[in-house]
Amino acid sequence: SVIVGHGGGDYGTEGHVTAFSTKDGKKQWEWSTFKKDTWPGQSWRHGGAAVWSGITIDPKTSTLFVAPGNPGPDMVLKGREGPDLYSNSLVALDINGKKPKVKWYYQLVKNDTHDADASMIPVLFTAQVGGKSRELVAVGDTTGDYVVLDRKTGKPLHQLAVSDQTGIL
């Protein structure tokens, strides 16, 4: 399969991740970055949660890591005060079956009004935590916040602000 994330901006565009066959190019599955019942009213129609920063696959566990972008419109919260999943999140998808299934998600920023979505491809690595080897995933957002999570459970293990931003709210 060839798996691609759908970018396209924040206004009226619904983010997707789509798998295509390498044999004939036909669509095999598609996953929407919108969990519409977590967006108040019809606010999801304004778009966002595009997959512009890239995706990562753990082939050992058939897990696809996706970091959908911010909700739209930028700079406006009125009418969409809610989780707005899966915007501004790191999502682990089980892609072993015919359709992807969410294993876990971690929302980096809730009720984002300043385009603070993930700005890097999720990075997979192994590290020592408490004297034990752990499989981890890390991602950073556009405000300079960086988070390391357990790859299997999505539990955050470490957060670090690598920049100091003031006066943005």
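This briefing covers an aromatic cluster and a strand sheet. The model is predicted. It holds four aromatic pairs. One of them joins Tyr 86 and Tyr 105. Four strands form an open, antiparallel sheet.

**Aromatic contacts**

- The ring centres of Tyr 86 and Tyr 105 lie 5.3 Å apart.
- Their planes stand at 70 degrees, so this pair is edge-to-face; the cut-off for that class is over 60 degrees.
- The pair links distant parts of the chain, with the two positions 19 residues apart in numbering.
- Tyr 86 sits in the loop between strand E5 (63–66) and strand E6 (89–94).
- Tyr 105 belongs to strand E7 (residues 101–107).
- Trp 31 joins Tyr 86 and Tyr 105 in one aromatic cluster.

**Exposure of the two tyrosines**

- Tyr 86 has a relative accessible area of 8%, which means it is buried, as the limit is under 20%.
- Tyr 105 is partly exposed, at a relative accessible area of 38%.

**The sheet**

- The strand order is E4-E5-E6-E7, and the pairing is antiparallel.
- Strand E4 (55–58) and E7 stand at the edges.
- Each of these edge strands has a single partner, so one of its sides has no neighbour in the sheet.
- Neighbouring strands are turned by 20 degrees against each other on average, direction ignored.

**The E6 and E7 pairing**

- E6 and E7 run antiparallel and are joined by six bridges.
- Leu 90 stands opposite Tyr 106 in E7.
- E7 also carries Tyr 105, the partner of Tyr 86 in the aromatic pair.

Technical notes. Residues are numbered from 1 along each chain as its sequence is written. This is a predicted model: local features need pLDDT of at least 70, side-chain atom pairs count only at pLDDT 80 or more; totals for chains, interfaces and linings use all residues. Side-chain values use heavy atoms; hydrogens and water are left out. Rings of Phe, Tyr and Trp (its six-membered ring) pair if their centres lie within 6.5 Å; planes under 30 degrees apart count as stacked, over 60 as edge-to-face and the rest as tilted. Buried means under 20% relative accessible area, exposed over 50%, partly exposed in between (1.4 Å probe, protein chains only). Two strands pair if DSSP finds at least two bridges between them. Axes are lines fitted to C-alpha atoms, for helices over the stretch in contact, and angles run from 0 to 180 degrees between N-to-C directions.
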